[in-house]
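User: I would like to learn how to read a model like this one, going feature by feature. Could you take me through it, giving the general idea before the particular case?

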Amino acid sequence: MKPTRRFYYSLLLTTLMLVAACTTVAVTGRRQVNLIPSSTMLSMSSGEYRNFLSQAKLSTNREQTEMVKRCGARIQAQVEAYFRENGMADRLNDFAWEFNLVDSPEVNAWCMPGGKVVFYTGILPITKDEEGLAVVMGHEIAHAIAEHGSERMSQGLLTNLGGMAIAQALKDKPQQTQQLFMAAFGLGAQFGLLLPFSRLHESEADKLGLIFMAKAGYNPESAVAFWERMREMKGGQAPPEFMSTHPSDETRIRDLKAQMPEALRVYKPRQ
């Protein structure tokens, strides 16, 4: 069967939409496709974050909570300074940064669009101190400023909803759109088309995080030590890299060592 005129018209529209939606990731310069308005993504993020906090148990450990907030604020300040100095301050206009520590044994941390950060107490024995915490904080903030969630959700709109505009998707397919939002942050989509992009995002966040933690006065060399501790904690039980949405710890450590000279050039120890 020959392609119809409608098929070519649809293909042309999709191509034009992709070209128009291309943006550039700060620092790395990578081109990405983002079909979702920042205001829409931030609104969805804020709602999900409020919902999460209403059900979570915030840590009552004052010292640890203050460390998370202090570390987050220092890296936030350097991110904002970089964007301002490079004429991109408008990209962060609608960010409403928050840093919270949740009492949970889960070894995890995440950052939603708009700078909504959560650390779980279960990761603190591995971060060990504020230097180690900065490794994870920089990485998670990098996901937000690089708009990885929006990029992944845009991929989902293209592959699962035929390139439907986000406003129409929210109206006509709210449940599927919600699932796309959750998948954009690593819940679901374990295999398939999104897998390579997820590993790309993780590696990009490692690099960005390394630069911004160094700018904030945290020793970037602590990143290698953190991932070595993470590898020891896993005890070699991680899945093969081709089946994982994250780079292997060995790949991460190798890449971080290669990026270290650049990070050390901007590192100024905290006073």
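User: To begin with a single residue, in which helix is histidine 148 found?

Analyst: A residue is best placed first in its secondary-structure element and then in its surroundings, and here one should keep in mind that the model is predicted. Histidine 148 belongs to helix H6, which covers residues 148-160.

User: Is histidine 148 buried or exposed?

Analyst: The cut-off for calling a residue buried is under 20% relative accessible area, and histidine 148, at 3% relative accessibility, therefore counts as buried. Setting aside residues up to four places away in sequence, histidine 148 touches Arg30, His143, His201, Glu204 and Ala205. Its C-alpha atom is separated by 9.8 Å from that of leucine 200, a residue 52 places away along the chain.

User: How does one read the chain as a whole, and what percentage of its residues is buried?

Analyst: One can start with the elements and then turn to burial and contacts. The protein chain has 11 helices and 5 strands, and buried residues account for 48% of its 271 residues. Of the contacts between residues at least 6 apart in sequence, 71% join residues at least 24 apart. The chain exposes about 14,000 Å², of which carbon and sulfur atoms supply 54%.

User: Turning to the sheet, what is the order of its strands?

Analyst: A sheet is read by its strand order, then by the sense of each pairing, and then by the residues that stand opposite one another. This open sheet of 3 strands has the order S3-S5-S4, and its pairing is mixed. S3 and S4 are the edge strands, each pairing on one side only, and the twist averages 15 degrees from one strand to the next.

User: In which sense does S5 pair with S3, and in which with S4?

Analyst: S3, residues 98-102, pairs with S5 in the parallel sense over 5 bridges, and within this pair leucine 101 stands opposite phenylalanine 119. S4, residues 109-112, runs antiparallel to S5 and is joined to it by 4 bridges; here methionine 112 stands opposite lysine 116, while cysteine 111 has valine 117 as its bridge partner. In the hairpin formed by S4 and S5, with 3 residues between the strands, glycine 114 takes a positive phi near 90 degrees.

User: Why is S5 described as largely enclosed by the rest of the structure?

Analyst: In a regular strand the side chains alternate between the two faces of the sheet, so each face has to be examined separately. On S5, Lys116, Val118 and Tyr120 are buried on one side, and Val117 and Phe119 are buried on the other. Because 5 of the 5 residues of this strand, residues 116-120, are buried, S5 is largely enclosed by the rest of the structure. S4 also has both faces covered, with Ala109 and Cys111 buried on one side and Trp110 and Met112 on the other.

User: Which strands does H2 lie across, and which does H3 lie across?

Analyst: For a helix against a sheet, one asks which strands are in contact and at what angle the axes run. H2 lies across S3, S4 and S5, running at about 30 degrees to S5, whereas H3 lies across S3 and S5, running at about 150 degrees to S3. Serine 59 lies in the loop between these helices, H2 (38-55) and H3 (62-85), and at 14% relative accessibility it counts as buried. The side chain of serine 59 reaches the backbone nitrogen of asparagine 61 at 3.0 Å.

User: Finally, how many residues are in the largest nonpolar core?

Analyst: A core is read by its extent, and then by the residues and elements that contribute to it. The largest nonpolar core has 44 residues, and those with the most contacts inside it are Ile75, Val79, Phe119, Met137, Ile141 and Ile145. Helix H5, residues 130-145, gives the most to this core, with 8 residues. Apart from neighbours within four places in sequence, isoleucine 145 is in contact with Val79, Phe83, Leu92, Phe95, Trp97 and Phe212. A second, separate core of 7 residues includes Leu53, Val102, Trp110 and Tyr120.

Notes: Residues are numbered from 1 along each chain as its sequence is written. This is a predicted model: local features need pLDDT of at least 70, side-chain atom pairs count only at pLDDT 80 or more; totals for chains, interfaces and linings use all residues. Side-chain values use heavy atoms; hydrogens and water are left out. Buried means under 20% relative accessible area, exposed over 50%, partly exposed in between (1.4 Å probe, protein chains only). Helices (H or I, at least four residues) and strands (E, at least two) are DSSP runs, numbered from the N terminus. Two strands pair if DSSP finds at least two bridges between them. A nonpolar core is a set of buried Ala, Val, Leu, Ile, Met, Phe, Trp, Tyr and Cys residues joined through side-chain atoms within 4.5 Å. Contact means heavy atoms within 4.5 Å. Accessible areas come from the Shrake-Rupley method with a 1.4 Å probe; for residues, only the protein chains shown count as cover. A polar contact is a pair of N or O atoms within 3.5 Å; within protein, one must be able to donate a hydrogen and the other to accept it, and residues adjacent in sequence count only if both atoms are side-chain atoms. Axes are lines fitted to C-alpha atoms, for helices over the stretch in contact, and angles run from 0 to 180 degrees between N-to-C directions.
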